[in-house]
Amino acid sequence: MFERIAKTAAGRQPAGRIGVVCVRLLAACAMLLCVTPEGVRAQSDVDRVFEIRGVAVDVQAATAAEAQAQAIMEGRRTAWDRLVDRLVPAGQQTLLPPISSDELVGLTVGYEVARERTSDVRYLGSLNFRFNPAAVRQHFGAYGVGYAEVASRPVLILPVYNDGQKPLLWEEESPWLAAWLDRSFGDGLVPITVPYGDLADIRDITAVQAVLIDRDAIEAIAARYGAAQAVVANARTVGAEGGTQAVELNLTYVGGIADGQSLIRTVVPDPGDPQGDLLSAAARAASTEIQESWKSENLISPGFETRVTVLVPVSSFEYWLDVRDGLEQISSISRRELLRISRNEALLDVWVNGDADQLALALKQRNFVLTQWQDSWLLYKDGTELPERYRPAPLPEETLPVEPVPQAFPAPAQPLVLPPLVQ
């Protein structure tokens, strides 16, 4: 409707200053109508954060209806476990008590059937469950459990394997690359991408460049995969106690908020599965470390809500719509209220679960910049050339300390040479 208003006004092309004023007024009215006076509850990015997809179920019961009902109940519990693992750090998951089926129903918005097969006594299917963000936050808060809900931009994994002779990255004989390619990493807040190892990858970066953290090469391949950061995952097999083997991991972040950080872990064989693939276990441990690190960096204390006053420079109606859509995609925003708007800027209050820095990080994942400006926060699309009045004031020239002028030491007194006495 708002686009239609703007196009109609532009199409009539009213002549003179009055016509221009009319167009501007209509555009301003359109922007005002984009939000209600009482504020708007932002739509959470539930597709990525509060929705669990692909829950496999296989249940037998006395009848097909009973099998289906039991499958949905079991699937909902499985989805809840996966949601808790996605949002809550491992160290706090034990604070959550067992949850009843009735409580689970209250936390769930609904489900959909992605695929199903039935018989007289059996139900097989794949279900998607969507949870209520507000109810989930309240449930965590009731038990004092911290959680994260900011979805990261994709992370590219560069798996480098040291076989004792040379580093391997794209070579077919690298079991480390195969271990990553055989896994699925789609359930966490951090989408993990593994390169295919094709000719384009080989052209972008070599194993030696990855080991030496060649930033230009790493950023080039990360950009080609649409990743905002990369993790160089070095692995080598080492001896362990009892004559067994272990895998030593060294994870180095390139880009993102953890840029330059390194984690070193040693993965030992699982006592319950000593014959299991050790490199697959190491890949699983590495992905868990990446997810846990992200959750720790973005942890929200339960019940902690912050009001952030945001100023948005508005260059056009489409620009304002982009900003509004970007805010609606942030799941941690509980509500927002427009305070005033003009042709040049908009001022609004945003209530976020967490603090302003966490909101800035969430917006950064959507290619927006939130930075402190005067007594509020400035929000704009990344890459926007801001008008002069919104640019940060230049830093005052650094006043160089005045070096003390060395005092000239008095010349040493010359010995008084008296003329020889004349007898």
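Which residue lies over the face of Trp-351? Select Trp-351 and look above the ring: Arg-335 is there, at 3.8 Å from the ring centre. Keep in mind as you click around that this is a predicted model.

**Stop 1: the aromatic pairs**

The count of aromatic pairs comes to seven. For one of them, select Trp-80 and Phe-131, which form a tilted pair with 5.8 Å between centres and 55 degrees between the planes. Colour by secondary structure and you'll see that this pair links distant parts of the chain: Trp-80 belongs to helix H3 (residues 64-87) and Phe-131 to strand E3 (residues 122-131), 51 residues apart. Switch on a surface and try to find the two rings. Trp-80 is buried, at 4% relative accessible area, and Phe-131 is buried too, at 0%.

Now add Phe-140 and Tyr-147 to the selection. Ring pairs link these two with Trp-80 and Phe-131 into a cluster.

**Stop 2: the nonpolar core**

Zoom out a little. The largest nonpolar core has 113 residues, and Trp-80, Leu-87, Phe-140, Trp-176 and Trp-180 are those with the most contacts inside it. In soluble globular proteins, nonpolar side chains tend to be buried together.

Pick Leu-87 next and show its neighbours. Leaving out residues up to four places away in sequence, Leu-87 touches Val-49, Phe-50, Val-136, Phe-140, Tyr-147, Ala-148, Glu-149, Leu-189 and Lys-295. Phe-140 and Tyr-147 should look familiar from the ring cluster.

**Stop 3: helix H13**

Select residues 356-364, which make up helix H13. This helix is largely enclosed by the rest of the structure, because seven of its nine residues are buried. Those to highlight are Ala-356, Gln-358, Leu-359, Ala-360, Leu-361, Ala-362 and Leu-363. Then go to the start of H13, where a side-chain oxygen of Asp-355 comes to within 3.3 Å of the backbone nitrogen of Asp-357.

**Stop 4: two positive phi angles**

Most residues other than glycine have a negative phi. Carry on past H13 to Asn-367, in the loop that leads to strand E13 (368-373). Asn-367 has a positive phi of about 65 degrees although it is not a glycine. Is this residue, Asn-367, buried or partly exposed? It counts as partly exposed, because its relative accessibility is 43%.

Last, jump to Ile-213, in the loop between helix H9 (207-211) and helix H10 (215-224). Ile-213 isn't a glycine either, yet has a positive phi of about 55 degrees. With 25% relative accessibility, Ile-213 counts as partly exposed.

How values were computed
Residues numbered from 1 in each chain as written. Predicted model: local features only at pLDDT ≥ 70, side-chain atom pairs only at ≥ 80, totals over all residues. Heavy atoms only, no water. Helix = DSSP H or I, 4+ residues; strand = E, 2+ residues; numbered from the N terminus. Buried < 20%, exposed > 50% of the residue type's maximum accessible area, 1.4 Å probe, protein only. Phe/Tyr/Trp six-rings, centres within 6.5 Å; stacked < 30°, edge-to-face > 60°. Lys NZ or Arg CZ within 6 Å of the ring centre and 35° of its normal. Core = buried A, V, L, I, M, F, W, Y, C linked by side-chain atoms within 4.5 Å. Contact = heavy atoms within 4.5 Å. Polar contact = N/O pair within 3.5 Å; in protein donor to acceptor, adjacent residues only side chain to side chain.
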